[in-house]
Amino acid sequence: MPVPEVPAISTERPSAPRPRRTGRGKLLRGLLITLLVVLGIVAIRPWSYWDELLSDRRSSRMNDVIITPPDHRPHDPLVTQTKTITPAPALNAGLAKLKESVALIEADGPLGREVIGSAFVLTPQGEVVTCLHVISRATSAVVRLSDGRVFDVAGYAAVDPANDLALLQLKEPPSSLKPVVLAETPPTQLTPVIAWGHPQGIEFSPFDGKVSRLIDSSQLPGGLQKFVRELTGGDTEQTWIQHTAKLSEGNSGGPLANDQGEVIGLNMWVDRQSDYSYALPVAALKNLSNLRLPEVQPLERFAASDARVRDATWQTSAQKLRKLADEARATKWQVHEWSDYSRLQHLAWGVTLANVPEHFTTKSELGDRLDELVKEADRVAAQLHQHAWNDGGQIIVLNEFAEKEVTRAGAGVVFFGTVQRVVEGRKQERALLVKLAGFEQMLLVPLSGELNAPATGSQCLFVGVNDRGRTVRYGDNPLQPIVASVIIAPLIVPLEK
C-alpha cells in the first residue's frame, strides 16, 4: 500500500537548451506551476446525478475528493563497484526484538498475493495494528512475520477512523507472539529513530533518522492540513511526530522506534516536498483498547469502495451466486446476525454485476463468467419474486442491518423500502425516491429503461449496491437539505398487500 504523500513537483532540467522566456511566458509558467501544486495534493472530480429532482427542487452537485496516488518516480539502480559486500551492522538487543514483532500485510491481487503495507504485533493475544487506509484496501488478508510464519486475518478488533488506525485480530494466534514495547514518554527533538517496514517491497527493512519536532495538525501548512483531513476523514486535531527516516511504499502502518527498540509511533504519511515523514504517537495506539468492537468484524465490513468492487469483480461467479442463494433460501431469507446479512450482500453484488456490469467494471473483465452469471441472477430474481414476504418481524430485523450499510460506499444492500415518488432529470432520466422502512433514511434508486416504476406508496424489496457513496440532496429548505444515498438496484420486488 502506498504511503500517502503530497507529491513534489519535479525540478529536473531537460537536456536540450531551452529557448529564452519572455515575461509573459514566465507568468504563464508560474501560473501553471501554481496549478500543478494545487492539483498535486488533491484532485476534485465533480459529479451529480441530475441538476433537478422534481418541480424546482434541486439536487446538490457532489464532489468526490481523491487523494492523488504517490508519484512512482523510478529509482536509480544500485551499481556494485566491487565484489566485496560489507555486512550490515548487527542490531542491538532492543531492535532485534522489535524486528520479531514487525509484520507484513499481504492481500490477493491480479498476480497473486501482494504487499499492501506494514503492521506490528500489539498484544500477545494476536492483535496487530496498522493504518486503516492500508487494510481497508482488502477484503481478505494475511500477516507474515520476519520468521516466515503466516497468519490469516480474522477481521477488525477495533477501528479508529479519526486517527486512521485499525486493530486486527489474527486467526488462531500462537502463544509465542511477541508484542512490541510501547515507549512511556514522547520523543524529544533530534532523538534518533528507526522506521521499520517494507519500502518498495524490500521486506523487513529499517531506515534511520531523527525526530524533527512534535507538530499539531493545525500547525501544518494549509495544503497539508487539507491532506490530513482527507486521510483521516475529519477535523480531529492530531499530534504528529515529524521525522527524517525515509518512508516509501510499503512503510504505512509500520512502527517508528527509538534506538532501544521501543515504539514511539506508527508511520502514516510523508510530505515529498519537504522530505519529512510523519508518525502518529503511541498515545493513540493505547486508546484503541477503548474502541474495541463488540465482536471481531470481517475485513469487508470496513473495506473501501474500490476494494469491494475489485473483490466482487474477481470472485463473483454463477457457482458462488447459486450457493449463496441456496443458503439464503434454506433459511427462508431470514437474517439473525451479520453473517446472514453478509451473505445477502454478496448475493446483491452478484445480481448487480450480472445486470449492470458496465457500471462497476467492463464486460471483458468478467469474461466468460458473465453469461452464466446472468442466468443465475435471473434464477435468484425468480426465487425472490416467488417468496411470500409477509413476515413483518423479518422486514424490521433485515432493515436494522441494512440501515448501517445503505450509506456505506460500495456495500451490497438488500432492504425493504417505501416508494415516495418518481423523479426525473433534465434528460428524462428516472429514479425512485425511497424511504427505508422503519427509518428516516432516504435513498435514490435510478431506473433503467427496463425497470418499471412501482406506484407511489408501494412497498418493495430492493437488491443492489451503494453507488460508491454518492448522494443527492433536495428539499424545500436549502439550509437543511434531505440527503439520499444513491443505490444501484437492478432487482425490485413489489410486496403483496
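1. Overall make-up. The protein has eleven helices and 21 strands. The model is a predicted one, and every remark below should be read with that in mind. Of the 497 residues in the protein, 48% are buried. The accessible surface comes to about 25000 Å², and carbon and sulfur atoms hold 53% of that area.

2. Contacts along the chain. Take the contacts in the protein whose partners have a separation of 6 or more: 68% of them join residues 24 or more positions apart. Two residue pairs, given in points 7 and 8, put numbers on this kind of separation in sequence.

3. The largest nonpolar core. This core has 57 residues. Those with the most contacts inside it are I105, I135, L168, W240, M268 and W269. Strand β8, residues 150–160, gives the most to this core, namely six residues. A second core, separate from it, has 53 residues. Among the members of that second core are V309, A354, W389 and L398.

4. The largest cavity. How many cavities of 30 Å³ or more are there? The count comes to two. The largest has a volume of about 260 Å³, and 22 residues line it. Lying nearest its centre are E300, S342, Q345, H346 and W349. Helices α6 (305–315), α7 (318–330) and α8 (338–355) each supply at least two residues of this lining. The largest share comes from α8, with six residues. Sorted by class, the lining holds seven nonpolar, eight polar and seven charged residues.

5. The second largest cavity. Its volume is about 60 Å³. The residues that line this cavity are W333, L344, L347, L384, W389, L398, V414, F416, L461 and V463. Three elements, α8, β17 (412–424) and β20 (459–474), give two or more residues each to this lining. Which classes of residue make up the lining of the second largest cavity? There are ten nonpolar residues, with no polar and no charged ones.

6. Links between the cavities and the second core. Helix α8 is worth finding in the viewer: α8 gives six residues to the lining of the largest cavity, and α8 is also among the elements that give two or more residues to the lining of the second largest cavity. W389 and L398 line the second largest cavity, and both belong to the second core of 53 residues.

7. V380 as a buried example. V380 is found in helix α10, residues 369–386. Is V380 buried or exposed? Its relative accessible area is 0%, so V380 is buried. Leaving out residues up to four places away in sequence, V380 touches L321, A325, L347 and V351. One of these, L347, also lines the second largest cavity. V380 and R322 are 58 residues apart in sequence, and their C-alpha atoms are 7.9 Å apart in space.

8. A283 as an exposed example. A283 has its place in helix α5, residues 282–286. Because its relative accessible area is 56%, and exposed means over 50%, A283 counts as exposed. How far apart are the C-alpha atoms of A283 and T185? They are separated by 9.5 Å, while the two residues are 98 residues apart along the chain.

Note on methods:
Residues are numbered from 1 along each chain as its sequence is written. This is a predicted model: local features need pLDDT of at least 70, side-chain atom pairs count only at pLDDT 80 or more; totals for chains, interfaces and linings use all residues. Side-chain values use heavy atoms; hydrogens and water are left out. On a 1 Å grid over the protein atoms alone, a cavity is a set of points where a 1.4 Å probe fits but cannot get out, and a pocket is an open set with protein on both sides within 12 Å along at least five of seven lines; lining residues have an atom within 4 Å of a point. Grid points are joined across faces, edges and corners, and a volume is the space filled by probe spheres set on the points. Helices (H or I, at least four residues) and strands (E, at least two) are DSSP runs, numbered from the N terminus. Ala, Val, Leu, Ile, Met, Phe, Trp, Tyr, Cys and Pro count as nonpolar, Asp, Glu, Lys and Arg as charged, and the others, Gly among them, as polar. A nonpolar core is a set of buried Ala, Val, Leu, Ile, Met, Phe, Trp, Tyr and Cys residues joined through side-chain atoms within 4.5 Å. Buried means under 20% relative accessible area, exposed over 50%, partly exposed in between (1.4 Å probe, protein chains only). Contact means heavy atoms within 4.5 Å. Accessible areas come from the Shrake-Rupley method with a 1.4 Å probe; for residues, only the protein chains shown count as cover.
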